[in-house]
Amino acid sequence: MNFLSGSDSDLEIAVSLLMCGEVVALPTETVYGLAADATNETAVSKIFEAKGRPADNPLIIHISDLEMMKKYTEDIPSVAYRLAENFWPGPLTMILPKKNNIPSIVTGGLDTVAVRMPDNEIMKKVISMTGKPLAAPSANLSGSPSPTTARHVIDDMNGKISAVVDGGECRVGLESTVITFEGYDSVRILRPGFITPEQLRKVVDDVIIDKNISSDEVPEVNEVRSPGMKYTHYSPRARVVLVREGIEMFKKYVSEQTEQDSCSLIFDYDTENFPFKYMTYGSTPEEQAQQLFAKLREADRLGIKTLYVRAPRKEGVGLAVYNRLIRAAGYEVVES
Ligand code: TXA
Ligand code: MG
């Protein structure tokens with residue numbers, strides 16, 4: 001595997017690998033992506049192979065301008081252009097009807113395709129240089145936490161892909177907000193992300209939060225609108241228990257547990273007189289988003305077997321953090 005920097009000469013190597021149908025991990029502002037030319041079926045099949053991803057879980061195509069969106073999708077509602085103007089480049093993914101120039105392997109056989117214009121200088125340059133939409137899921141092994149550094153990508157993908165481009169730590173740290181269009185001026189959020197429902201409501205009349213997102217119930221497979229939502233996700237090897245309590249009740253809960261090699265994951269401001277082993281993941285929802293996946297990976301590196309995580313509030317970006325945590329916890333939630 002080639003380890004590349006963001007220098008112009010290294011990006012030319014990345015681009016020529018992509019043009020030859022190879023898979024290259026690239027930084028985005030959300031998480032690292034495992035990229036291939038979306039119009040090349042063989043190249044895309046290598047993504048599924050490297051990740052061990054089920055064939056019915058569709059990929060996002062990454063574009064660098066609206067011309068690309070028009071070239072590969074159709075029946076684009078006017079609200080999509082409004083959203084693009086407000087949130088692109090950025091962590092918002094829109095599901096649109098696809099044209100035939102996107103092979104069905106990209107979309108897991110669906111007649112829609114997920115489209116995003118990322119906001120990362122390296123990613124933007126590479127898409128423009130190839131002139132192709134790049135299909136890219138998060139660059140982790142299927143089911144494990146998404147990678148937010150090149151090191152995480154190497155840990156999961158060494159020997160399985162052609163190259164990784166190191167763009168440092170991802171700014172957002174959680175995957176994009178995924179939306180689908182429902183009727184006139186109405187969108188449904190299928191996956192919460194850094195772009196919050198409140199932000200979307202400033203641009204779209206009607207914003208529906210899919211009930212699978214905020215619910216603490218295991219989603220029913222036949223109710224899942226986005227194939228990715230039915231798979232266990234973001235899980236470290238450690239058992240994760242999500243504890244929905246204030247810090248005093250959280251301490252009481254941990255004091256009653258007898259598991260060996262356990263650790264707590266709490267907020268920065270919780271640490272005073274905290275009597276058990278702990279790690280922290282920031283104090284604001286934005287910091288929690290940025291740090292969460294790295295901390296889940298860190299827990300595994302330290303050999304932790306059980307991780308008690310203090311749950312964030314499901315507000316703003318906190319909704320996205322909560323959504324990833326409840327899946328990491330396999331819906332194991334503690335609340336008095
Ligand atoms: O921030 C991100 O979105 C990152 C970076 C690399 O861009 N990518 C990412 O991709 O998270 P991935 O493949 O890990 O997640 C894509 C999600 C999955 O839950 C998938 O099921 C859903 O989008 N999806 C893709 N195409 C879809 C479609 N046509 N209809 C419904 N859901 C779709
Ligand atoms: Mg993923």
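Mentor: Before we start, helices here are DSSP runs of H or I with at least four residues, and they are numbered from the N terminus. The model we are looking at is predicted.

Trainee: Thanks! In which helix is histidine 152 found?
Mentor: Look at residues 150-157, the run that includes histidine 152. That run is helix 6.

Trainee: Is histidine 152 buried or exposed, and at what relative accessible area?
Mentor: The cut-off for buried is under 20% relative accessible area. Histidine 152 falls under it, so it is buried. Beyond its sequence neighbours up to four places away, histidine 152 touches Pro147, Ala294 and Arg297. Its relative accessible area is 9%.

Trainee: Arg297 caught my eye; which residue forms a salt bridge with arginine 297?
Mentor: The closest N and O atoms of the pair are 3.0 Å apart. One partner lies in helix 6 and arginine 297 in helix 10 (residues 285-301), so the bridge ties together parts that are 141 residues apart in sequence. Both partners are buried. The residue you want is aspartate 156.

Trainee: How many salt bridges does the structure hold?
Mentor: As background, side chains of opposite charge can pair when their charged atoms come close. The pair of aspartate 156 and arginine 297 is one such salt bridge. For the structure, the total is 23.

Trainee: Where do glutamate 248 and lysine 251 both lie?
Mentor: Their side chains meet in a salt bridge, at 3.6 Å from N to O. They are three residues apart, about one turn of the helix. In general, an α-helix has 3.6 residues a turn, so residues three or four places apart point the same way. Glutamate 248 and lysine 251 both lie in helix 9 (residues 247-255).

Trainee: Which residue of that pair counts as exposed?
Mentor: Lysine 251 has a relative accessible area of 16%, so it is buried. Exposed needs over 50%. At 54% relative accessibility, the residue that counts as exposed is glutamate 248.

Trainee: How many residues apart are arginine 310 and aspartate 270?
Mentor: These two form a salt bridge, with the closest N and O atoms 2.8 Å apart. Arginine 310 sits in strand 15 (residues 306-310), while aspartate 270 is in the loop between strand 13 (262-266) and strand 14 (278-280). Arginine 310 is buried at 10%, and aspartate 270 is buried at 5%. The pair links distant parts of the chain, and the separation in residues is 40.

Trainee: What is the relative accessibility of leucine 83?
Mentor: Leucine 83 is placed in helix 4 (residues 78-87). Among the residues it touches are Trp88, Leu92, Met94, Ile179 and Phe181. Leucine 83 counts as buried, with a relative accessibility of 0%.

Trainee: Which residue does a cis peptide bond join to tryptophan 88?
Mentor: Most peptide bonds are trans. Here, though, omega is about -10°. The partner is in the loop between helix 4 and strand 5 (92-97). It is proline 89.

Trainee: What is the phi of aspartate 75 near?
Mentor: Most residues other than glycine have a negative phi. Aspartate 75 has a positive value. This residue lies in the loop between helix 3 (66-72) and helix 4, and it is exposed at 64% relative accessible area. Its phi is near 50°.

Trainee: And what phi does tyrosine 331 have?
Mentor: Tyrosine 331 is in the loop between helix 11 and strand 16 (333-334). It is buried, with a relative accessible area of 18%. Just after helix 11, glycine 330 takes a positive phi of about 55°. For tyrosine 331, phi is positive although it is not a glycine, at about 65°.

Trainee: How many residues of helix 11 are buried?
Mentor: Helix 11 spans residues 318-328. Its buried residues include Leu319, Tyr322, Arg324 and Arg327. The helix is largely enclosed by the rest of the structure, because the buried count is eleven of the eleven.

Trainee: Last one: what radius of gyration does the protein chain have?
Mentor: The C-alpha atoms fill a box of roughly 60 × 45 × 30 Å along the principal axes, and 57% of the 336 residues count as buried. With 336 residues, a compact globule would have a radius near 20 Å. The chain agrees with that, at 20 Å.

Technical notes
Residues numbered from 1 in each chain as written. Chains lettered and ligands numbered in written order. Predicted model: local features only at pLDDT ≥ 70, side-chain atom pairs only at ≥ 80, totals over all residues. Heavy atoms only, no water. Rg over C-alpha atoms; globule rule 2.2 N^0.38 Å. Buried < 20%, exposed > 50% of the residue type's maximum accessible area, 1.4 Å probe, protein only. Helix = DSSP H or I, 4+ residues; strand = E, 2+ residues; numbered from the N terminus. Contact = heavy atoms within 4.5 Å. Salt bridge = Lys/Arg side-chain N within 4 Å of Asp/Glu carboxyl O.
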